Amino acid sequence: MKSAANRPAPPGEGDHALGDAPREGSGDPSPDHSEAPGEQTVTFRAIRDDDLVSVHDEASPTAGEGPAAEGEESPAARGGEDETLSNGRVFSGDGTPPGDEGLSADPAGDADDPEAAAEEGRPGDAEPAEDRDDQDPAVPEHDRVSREDDPADPAGGSGEASGTVVASSGEDRDETEEGRSGDAEPAEPAEDRGEAETDQDGINAGEDETASGEDGTEADQDEDEAGESEAWATGDWVRETPLPEEVSEALTNALTGLRESVTDLSFGLDLPGAEEARRAQTEILTQLDDYVIPRVHTSTAPALIVIAGSTGAGKSTLLNTLANAKVSATGVRRPTTGTPVLACHPDDHEWFAEGGLLGSLERRQAPGAKPGLDGLVLVSTERLPQGVALLDTPDIDSVVEEHHEIAHRMLDAADLWIFVTTAARYADAPAWRLLRLAKERGARLAIVLSRVPPKSREVVTKHFVRMLTEYGLGEVERFVIDESKVVDGMLPDHEITELRLWLAELSVDDQRRTQAVRATLNGALDSFRTRVPALARQLEAQVAIRGQLRGDVDAAYTAALAEIDKATRNGSLLRGEMLARWQDFAGSGDLMRTLRLRKPGRFAGKASRQGPERLNALKTALRTGLESVIVSAAQRAAEETVSRWQHRPGAAETLALAPGLSRPSDELLRRTNRTVAAWQDHLVQLIRTEGVTKRAVTRLISFDVESLAVIFAVGLLGYGAAESEGKGALPQRLLHALFGAESLRNIGAKARSDLRARIGMLFDDETSRYIQVLDGAGIPDESAATRLYQATYNLEVAR
Amino acid sequence: MSSTIGITPPSGITPARQGLGSRLAALAKIVELGPGRVDPKLLTESGQLLLRAGDRLKLSSDHTVVALAGGTGSGKSSLFNSVSGLDLSPTGVRRPTTARTHACVWGLEGAGPLLDWLQIQWRHRFARASALDKGESRLHGLILLDLPDHDSIRALTDTEADRLIQVADLIVWVLDPQKYADASTHRRYVTELAGHDAVTIFVLNQADRLAPEELAECVADLEDLLRREGVEHPTIVTTSATTGKGVDNLKAVLADTVARRRAAIQRLEADLDRLTRRLAEVVPDEDAPPPPVAIDDARRIGLTDALCDAVGVPAVGEALENVYGVRSVEWVGWPYARWAARLRSDPLNSLNLGDIKDEIRGLTGGAVTAQPAEVDNAIQALADGLTGGMHETWQNGVRDAARSRSAQLPQVLSEELTEVAPSLDRVPAWWRALLAWQYLLVLLFVAGLAWVGTALAYGVFEVGELPANLEAFGDASSLPWVGLMMVAVLGLGLLTAMASRNFVVLGAGQERDRLEREMRRRVGTTAESMVIEPVERELARYNEFYTAVRSVRG
């Protein structure tokens, strides 16, 4: 068995045909893909005659290298739209020799004459096979895949999980015949309805063949199972549920994609529903990790039956009784069980010990000292039938809330639920919440009503059944267990005969078990259709709120900027101290002294030069005035932001994380100080460089740039409208006379925009505090929601 | 079990009731002061508690309302029947069994209004006339309620159990070995009512289902659990309603409680305690210094200073002084110096801006104004200084109070101060007099010049004859005297100018001081009425609230 990797591939197609094919299956059914069947496959069913021809044609060149391998190229596949590509899966029964030839021989035989194989292989077991046919007529591929491992095979190292598993299984097969039960599982059954529909046209014609092919599969399987007892005895049995590999690959990819997009989410704002979303996120993740992804990989694992119910309902006792050993602690203390206990047949033990199901839980041999979310006690017992594993969970309603979490996590990984309640509890709200959950999930459910006093058995049972029927759960499998003396943590065996029988049936009836497994898997996959978009919606809400919060900050600070702008235009800045200083400056004649004649008149004498005190005082007053305008605006903006935030849902808690947001930052005063001083310096610079003095003026008058800058600032901010014509206010007229309108306008515009830019930068620093808080809340960007929708869509496509 | 309820003498009732009364009064105060400052939900609960307390205290204090609460199937009704000794409440195996509350009264007189208040339906009321009971008289005054369950699917839509658990005087939690650790009981009620030890009894019913050692383990576990949840002294009684074992113990505990007639008050006190813990979150810790009642002098001065700065009082004073000095020159200065200065060429004139001088002069006549942004910041600083340690809502309250009139404040300040501020172009009368005097001196000088001219012309150069009556002017011998006079006149003018200049400066300084004092005074008055008063009102409110919270705490 080889993948196509080391086979000469047709030019132009080879790239795809090489072990990449499975990856292509992940929702990218390109036309080229139809060439992928060139990959070596072994097919057991759904083989049309023409396929066989081509398969054999293609297979023949590699016959020498490996086992007879058969690719399947259905016409439909050639049509390009479907993924009928099926990688057959070779599995070996206990009698199969390790050699490749031996492996290839069987499938080849089966493939050549599937119907014959079916007839031969299924004496007396025809009914389940028919069931299956009835159920999944449109599912074309339940193939078994086996590839020989090839070191050069890109598929082996492509990181494609499924491919790797398959490849390694092949390796194992080559090297050892032991450990089959663990190694031989990688065929991945997954039902893909959407796929089936698209395929329907293509395969309608071949449906009969498909059916018979399936029979063949079954036959084969049953052949194995015919030798079950021996096989199990040697631990070398394999049960497989066929699954088209591409589908599985696609599904795995889609699920991995989904997992990735769910992992990164965080719901930082406490909006209504955020808590639920956070929980749902964890649930989805653990369910993906613990159940869905492992299940899609290896749906052939024993069915996991989770026993759930209220505290004191007798879950552990039930498990002990079924296992006929004290595997789980019982007692009068409530809650009793803290760490889940998984009991299975010894042959399944290895699978659960290593398997992916509930993979994130640490396996323990005995109940840990403390209950934890990370432990799982694994015990094996001969009394449990093959293929079904029972999981005893903590309660769902005790005062220890962690237990509810563990229990729900277990339920997320369950193939079947056994819901245990008691005569005293069957009307409890938590119990019915669980039933509702099961109903919503479409989980396969069996209900055990235990601890029923024999004398009121009838009344209670009738009442309970009526309640169930009203709730739409009347059809669910029910078991009633009488209240009886518990000895050594176990009930009398006769109480659970029915239940044991049911389990045994489930164990023997592969068909039904597979069906149950698949139904639950489908239920879980279905549930993503609503659960993931619900997450996405919450995410969108979060993103929207964040946008609004962000907008609040911007709006508040924009308003503050506008306020400052207004204050520097309407003359309100020229009040108080600044006005007094200006009056002082002008009135005491210093204003006039700023200008000096180059040629003093004869009587000039010693034109009294006064010290710069007044100028400095005016400059300081100007700075203080401007600062206080800015600080006051910033204060208002901070308050405004916070009060806006407080009216938004979910932001209040975020605010609580960062106290002091309702006032400007501590550095604001210092920064404002620096900003205004820098602007004043800049203004001096501007006047020095831009202030092109009229020539006529230059000859006559010299002036002090510093003073002029201050006068200019007073005119610009105190009187406003400095940009307009130099008419009007005193400073403007003075400056106009010195510089001329053009130059004055230039400086005015530049100075103002520079001031605005500086204040803008200052406010950016202020707003960054809010942005940090928002970022700290860890809300992903808009694309996360889109990714979620995309992932959901991909998952649907892959199915 | 773990704690026994001692019997206190009835005389202890009255002070306790008073204590409760004053605490409730304080709570009423909080409800009155709270809106806008305290979480509305908390206020609503406080209001409800006040109402309930008022109702309960008005109603029969001889009766003790004991509610049997618990999950479905724990045996509330069985226990009810077994305590009352009659099959009053139907029991059954179907779950849930009881849908309506049943009540049994020992000693009916006065219980009617109480039962009405509890909203117990007539047909579910039963009375035990004590006369009929053998040895049951000790239960006289007991109203036993058999509540519906709180944890079944029926209870999702029915809050009766919830309601009665909130109002009963004493709650008996009926638990059973299967359900004693249910979250529905513990999370929703036991933890919530953790401080209610005195009015809560835990009954582990169905004890007959367990072996003695199992029972002991179970009780130990339950006690442990309750302690973890904050029930410091749990009272646990084990009973078996079916076998009757332990029911007498329960009766004894109930009889104790009933006899003391304190459960109603204890219950209200416990409720009050619970509420107080949450209320206390909005006031600083006990050991924190009490909040300021009034604004101290330092803060007032600080505010006045800041507002003065916003108005620019020092700058106004300085400007006044300087501008006076400069302007006085025009009036009281030596006219000759002024004229000389005019001859100097003016840069403004060379810029064709000669008229700007008038504008500058006009500028100095402007009014005193307040800078709004600085006023804002001054108020903010005051509020910030006052509210350290306060809860945020109160901080905001004080700040809003301080700001309540900040919009008008700059305007009012400007108007107030403009009244006192002298216009800078004011000309005092003595300036005018001095000006006249100076001009007189100039005239004298001119006259002297004329005299000198005449004397020179007629006395020295003898250009002609003077009319006889003016001959004295033509006398050359008068020249030295006239010259001396002219020098004296000039000197006098200069001296006057210098002297009056000094007077101007001195006067301006005094004027400035006076003005600054007056402005400060006015700023202070305005701040008092527009900032301090509202803030102090708010502080008083806060103080009242703070005191009320402390006294509710008891």
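Let us begin in chain A, where helix α27 (residues 668–690) packs against helix α31 (residues 741–776) at an angle of about 160°, with the two axes 10 Å apart. That angle makes α27(A) roughly antiparallel to α31(A), and their crossing is right-handed. On the side of α27(A), the residues making the contact include Leu668(A), Trp679(A), Leu683(A) and Ile687(A), while α31(A) contributes, among them, Ile747(A), Leu755(A), Ile759(A) and Leu762(A). The contact also has residues of other kinds, such as Arg671(A) and His682(A) from α27(A) and Lys750(A) and Asp754(A) from α31(A). Sorted by type, the residues of this contact divide into 11 nonpolar, 5 polar and 7 charged.

Please keep in mind that this is a predicted model. With that said, we can step back and look at chain A as a whole. Chain A holds 32 helices and 10 strands. Of its 799 residues, 55% count as buried. Among the contacts in chain A with a separation of 6 or more, 80% are between residues 24 or more positions apart.

Now turn to the sheet in chain A. In what order do the 8 strands of this open sheet stand? Reading across, the order is β3-β4-β2-β5-β1-β6-β7-β8, and the pairing is mixed. β3 (362–364) and β8 (477–482) of chain A are at the edges with a single partner strand each, so one side of each is left without a neighbour in the sheet. On average, neighbouring strands here are turned by 25° against each other, direction ignored.

Follow the sheet to its β8(A) edge. Strand β7 (residues 444–452) of chain A runs parallel to β8(A), and 5 bridges join the two. To find a spot where they meet, look for Ile447(A), which stands opposite Arg478(A) in β8(A). Helix α20 (residues 457–470) of chain A packs on the sheet here, touching β7 and β8 of chain A, and its direction makes about 150° with that of β7(A).

Another helix of chain A deserves a visit. Is helix α16 (residues 315–323) of chain A buried or exposed? In α16(A), 9 of the 9 residues are buried, so this helix is largely enclosed by the rest of the structure. The buried residues run from Lys315(A), Ser316(A) and Thr317(A) through Leu318(A), Leu319(A) and Asn320(A) to Thr321(A), Leu322(A) and Ala323(A). What covers them includes strands we have just met in the sheet order: β1 (303–309), β2 (341–344), β5 (388–392), β6 (416–422) and β7 of chain A, along with helix α21 (497–508) of chain A. Just after α16(A) comes Asn324(A), which takes a positive phi of about 60°.

Chain B comes next. Chain B has 19 helices and 7 strands, and buried residues make up 42% of its 554 residues. Of the contacts in chain B with a separation of 6 or more, 78% are between residues 24 or more positions apart.

In chain B, helix α3 (residues 76–84) is mostly covered, with 9 of its 9 residues buried. Among them are Lys76(B), Leu79(B), Phe80(B), Asn81(B) and Val83(B). Gly85(B) follows α3(B) and has a positive phi, near 75°.

Strand β4 (residues 142–146) of chain B is another covered element: 5 of its 5 residues are buried, so β4(B) is largely enclosed by the rest of the structure. Which residues lie on each face of β4(B)? Leu142(B), Leu144(B) and Asp146(B) are on one side, Ile143(B) and Leu145(B) are on the other, and all of them are buried. β4(B) also has two strands joined to it by bridges. Strand β1 (residues 64–70) of chain B runs parallel to β4(B), with 5 bridges between them, and Val65(B) has Ile143(B) as its bridge partner. Strand β2 (residues 102–106) of chain B runs antiparallel to β4(B), with 4 bridges, and here Cys104(B) is partnered with Leu144(B).

Finally, see where the chains meet: 62 residues of chain B are in contact with 61 residues of chain A. The elements of chain B that give two or more residues to this side include α6 (183–190), α7 (212–228), α10 (297–311) and α15 (372–386). α11(B) gives the most, with 7 residues. By type, the chain B side divides into 31 nonpolar, 16 polar and 15 charged residues.

Notes. Residues numbered from 1 in each chain as written. Chains lettered and ligands numbered in written order. Predicted model: local features only at pLDDT ≥ 70, side-chain atom pairs only at ≥ 80, totals over all residues. Buried ≥ 20, exposed ≤ 12 C-beta atoms within 10 Å, placed from the backbone. Contact = placed C-beta atoms within 7 Å. Axes fitted to C-alpha atoms, helices over the stretch in contact; angles between N-to-C directions. Parallel < 35°, antiparallel > 145°, perpendicular 65-115°, else oblique. Left-handed = near helix turned anticlockwise from the far one by under 90°. Nonpolar A, V, L, I, M, F, W, Y, C, P; charged D, E, K, R; others polar. Pairing = 2+ DSSP bridges.
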